Amino acid sequence: MMEPLYVAGETFLHRLPAWLKLLALTAAGASLFLLRDPRWLAPAFLVAAALVWSTGVAASAVWRQIKGLVWVLLAVGVFTAWFQGGMEALVVLLRVAAMVGLALAVTLATRTSDLIAVCEKALMPLDRMRLVDAGKVALALALALRFVPEIWRNFQEIREAQAARGLGANPVALIVPLIVLTLKRAQEVSEAIDARSH
């Protein structure tokens, strides 16, 4: 199993069981949506940042994980401020930043395989009722966790290669190769899964 986000360590957060971290993350995420006061959301963001820092991961590694999201957050903030005002924009940004920080802290301090195992176990009651296939859902989660960082790396490589050729920031020239690479990789994974199932 690939570990695209997990960073080995011996911190308090690393030692907590995966199920407890996921349970706490779910509860915290639900609580953040109930908070609408920046005076509460700001401390929540600081707690999330402290948890990320407590994992012992270098700031440069954390920045690589979130730098793409920063531009998205800025766009959301500007859009919200334009239509709903500055205070609402601050609430949205603090809430999303806190949630991202908490999720990042959990993924940095927990093996992907452990997270998937917890999710599969949690879905077993639904599996026994034949509402979902826990194994397939776990596989889909594993593939999603594996592919998101890979797609981002491919995007960065394509952008750097085109910048070296002097092509500039052409959206079509970025998206088309990225889609081709992603589909090719998905086909390879599909064929590998199909081969193992026979």
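This passage describes two helices of a predicted model, with attention to buried and exposed residues and to an aromatic pair.

Helix α2 covers residues 18-34. The helix contains 17 residues, and the distance from its first C-alpha to its last is 25 Å, which is close to the 24 Å expected at 1.5 Å a residue. Five names make up its buried set: Ala18, Lys21, Leu22, Gly29 and Leu32. When α2 is viewed down its axis, these buried residues fall within an arc of 95 degrees, and they therefore line one face of the helix. Trp19, Leu23 and Leu34, by contrast, are exposed on the other side of α2.

Part of this exposed side also belongs to a nonpolar surface patch. Trp19, which lies in α2, forms this patch with Leu20 and Leu23, and the accessible area of the three residues together is about 310 Å².

Aromatic contacts were examined next. A search of the whole structure identifies one aromatic pair. The pair consists of Phe79 and Phe83, whose ring centres are 4.7 Å apart; the planes of the rings stand at 45 degrees, so the pair is classed as tilted. A pair counts as tilted when the angle is neither under 30 degrees, as for stacked rings, nor over 60, as for edge-to-face rings. Both residues are located in helix α4, which comprises residues 59-84, and they are separated by four residues, about one turn of the helix. An α-helix has 3.6 residues a turn, so residues three or four places apart point the same way. Phe79 and Phe83 are both exposed.

Methods. Residues numbered from 1 in each chain as written. Predicted model: local features only at pLDDT ≥ 70, side-chain atom pairs only at ≥ 80, totals over all residues. Heavy atoms only, no water. Patch = residues over 30% accessible without salt bridge, like charges linked within 9 Å, V, L, I, M, F, W, Y side chains within 5 Å. Areas by Shrake-Rupley, 256 points an atom, 1.4 Å probe, with all protein chains shown as cover. Salt bridge = Lys/Arg side-chain N within 4 Å of Asp/Glu carboxyl O. Helix = DSSP H or I, 4+ residues; strand = E, 2+ residues; numbered from the N terminus. Phe/Tyr/Trp six-rings, centres within 6.5 Å; stacked < 30°, edge-to-face > 60°. Buried < 20%, exposed > 50% of the residue type's maximum accessible area, 1.4 Å probe, protein only. Expected span 1.5 Å × (residues − 1). Arc of directions from axis to C-beta.
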